[in-house]
Structure formats: C-alpha cells, structure tokens
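Here are some comments on the model, set out as numbered points. They move from the packing of the core to single residues and then to the database annotation.

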Amino acid sequence: MGDSLHLSTADLAALAFFLLVWVLHTLASDGRLVSRVSLTTAMNAQREAWMRNMAEREIRIVDTAIMGGLQQGTAFFASSSLIALGGCFALLGASDRVLQVLAELPFGAASSREAFQTKVFGLVLILAFAFFKFGWAYRLFNYCSILIGAVPTPHGPASRNPVSETAVWRATRMNVLAGKHFNSGLRAVFFSIGYLGWFVDPVVFVMSTMVLLAVLVRRQFFSAARQAVLGQPPGPGKN
C-alpha cells in the first residue's frame, strides 16, 4: 500500500500515529476515555442550563442574539476551511517549487513529487471534513433557533409541564449536537496544523502531533477556561 501511495514505512507509521492521537483525543474530550471532566463536557452542562433558563424567560432576545453569534462563528470557520482548501489545490500546482523549499529546510527529507501530492490530498481530506462539520453545525444551530422559538412561553409554575419539558429537551439536545459538530470541525483545523509537519519529515510529523496533543490536552483538561466553568466563586472576603 505504501508503494502504491509512494509513501515510506516511516510515513505510514507517522500517519497511523497521527490518526490514533486524533481518535483518542476525540474520545477523551467527549468523556468516553477518561474520568476527568473535559472543558467540552462542562460546557455541554452549561448549554443545558442555558436552555432551562431560556424557558423561564418571556422575552428571549438575549437567547436569539447568542444563537446568532454562534452561527456567525461557525460560518466564519466554514468559509475559512474553503479558502484553505483552495490553498491546497494551489500547492498542487506549485509542487516543484514547494519541494525545493522543503528540501532546503534543516530537517527536510527528500520526497518525491507523487508522495508530496499524496500528502496534499490528505490535507484536503482533513479540511473537507472540517468544512462539512462546520456546515452541519451551522444548520443545527439554525434548527436550535427554531426549537427555542417552539418552547412555550412561561406562565408561572404551570409552565413546568411535560410539553414544556419536552420542548426544552429538544432545544438542549440540538444545541449540544451543534456544539459537538462545531468542535469536531475545529479539532480538524487544529490537527491540520500538526499535519503540516509531515511535509517536512515523518519524525517532524510525529513531533508536531505530540506538541499539538499537549496543547489540546491542556486546554481541555487543565486550562483556566475549564477551571472558570467548573470552579466556585470566592466566598465573602475572598479574592
């Protein structure tokens, strides 16, 4: 298989390591691999709290404004993925020049034109995956806006009836799913940065993947953002 793709054994091993890291990090972020609560899991709980608070408000301007912001951010990353895809095809047209530049790098390894093009196609797949995730997330956020509008207007304690609870659950579930697909697209963008190391050398590819993993693990499990979501405010007289 490596010969048909013009890739060496080291290339294939580095690629396998990259994909394994991606899968394991995805599972860990979704709470299916480690017991420590990730930032993603913590924010999903906040999404549920948001939908329940929304159901208690008669005027939901703030909620629609938040949904608009989420959609705008998703649309930005979707369009950025398309621009990056165009850059990949430009790389294919300048393969000889790029190979010359890579060969002059201190850690650059000799690579054939066919191997380089195979790696570019791999980057195209990653960015296309990101685009489809962002596109689907945008649509799900749109659906969530509709489901928010379908939540009955509250009228005191009587608003907590099965119909309202079901409507809140639907909006919550759609919000969480939209966030999940957005995070998948964003994760693909992050991993595309680590993937760039493969154009230099398989060893550099492994190193860039490990550095990227360290950054993502810190953000998901040890960051100040996670502490802000899970932490408790200081008591009286504390700062």
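1. In what follows, a contact means heavy atoms within 4.5 Å. The model is a predicted one, and with that in mind Ile148 is a useful place to begin: not counting residues up to four places away in sequence, Ile148 touches Met51, Met54, Arg60, Met67 and Ala171.

2. Ile148 also belongs to the largest nonpolar core, which has 45 residues, and is listed among those with the most contacts inside that core, together with Phe18, Met51, Val120, Phe191 and Tyr195. Two or more residues of this core are given by each of helix 1 (9-29), helix 2 (39-55), helix 3 (61-93), helix 5 (113-150), helix 6 (162-195) and helix 7 (202-221). The largest share comes from helix 5, with 14 residues.

3. Two residues of helix 6 deserve to be read side by side, namely Trp169 and Thr172. Trp169 counts as exposed because its relative accessibility is 57%, and the threshold for that class is over 50%. Thr172, by contrast, has a relative accessibility of 10% and therefore counts as buried, the limit being under 20%.

4. The surroundings of these two residues can be described a little further. Thr172 touches Glu48 and Met51, not counting residues up to four places away in sequence, and Met51 is also on the contact list of Ile148. For Trp169, a C-alpha separation of 9.7 Å is found to Leu147, which lies 22 residues apart from Trp169 along the chain.

5. Which cysteines are buried, and how many disulfides does a search of the whole structure find? Cys88 is buried, with a relative accessible area of 3%, and Cys144 is buried as well, at 0%. The search finds zero disulfides. A disulfide would be a covalent bond between the sulfur atoms of two cysteines.

6. The annotation should be kept apart from what is computed on the model. An unreviewed UniProt entry lists residues 76-99, 120-138 and 195-217 under "transmembrane region". In the model, residues 120-138 are 100% helix and 0% strand, and the C-alpha atoms at the ends of this span are 27 Å apart. For residues 195-217, the corresponding values are 74% helix and 0% strand, with the end C-alpha atoms 17 Å apart.

How values were computed
Residues numbered from 1 in each chain as written. Predicted model: local features only at pLDDT ≥ 70, side-chain atom pairs only at ≥ 80, totals over all residues. Heavy atoms only, no water. Core = buried A, V, L, I, M, F, W, Y, C linked by side-chain atoms within 4.5 Å. Buried < 20%, exposed > 50% of the residue type's maximum accessible area, 1.4 Å probe, protein only. Helix = DSSP H or I, 4+ residues; strand = E, 2+ residues; numbered from the N terminus. Disulfide = S-S within 2.5 Å. UniProt positions renumbered as here; feature names shortened; annotations may be inferred.
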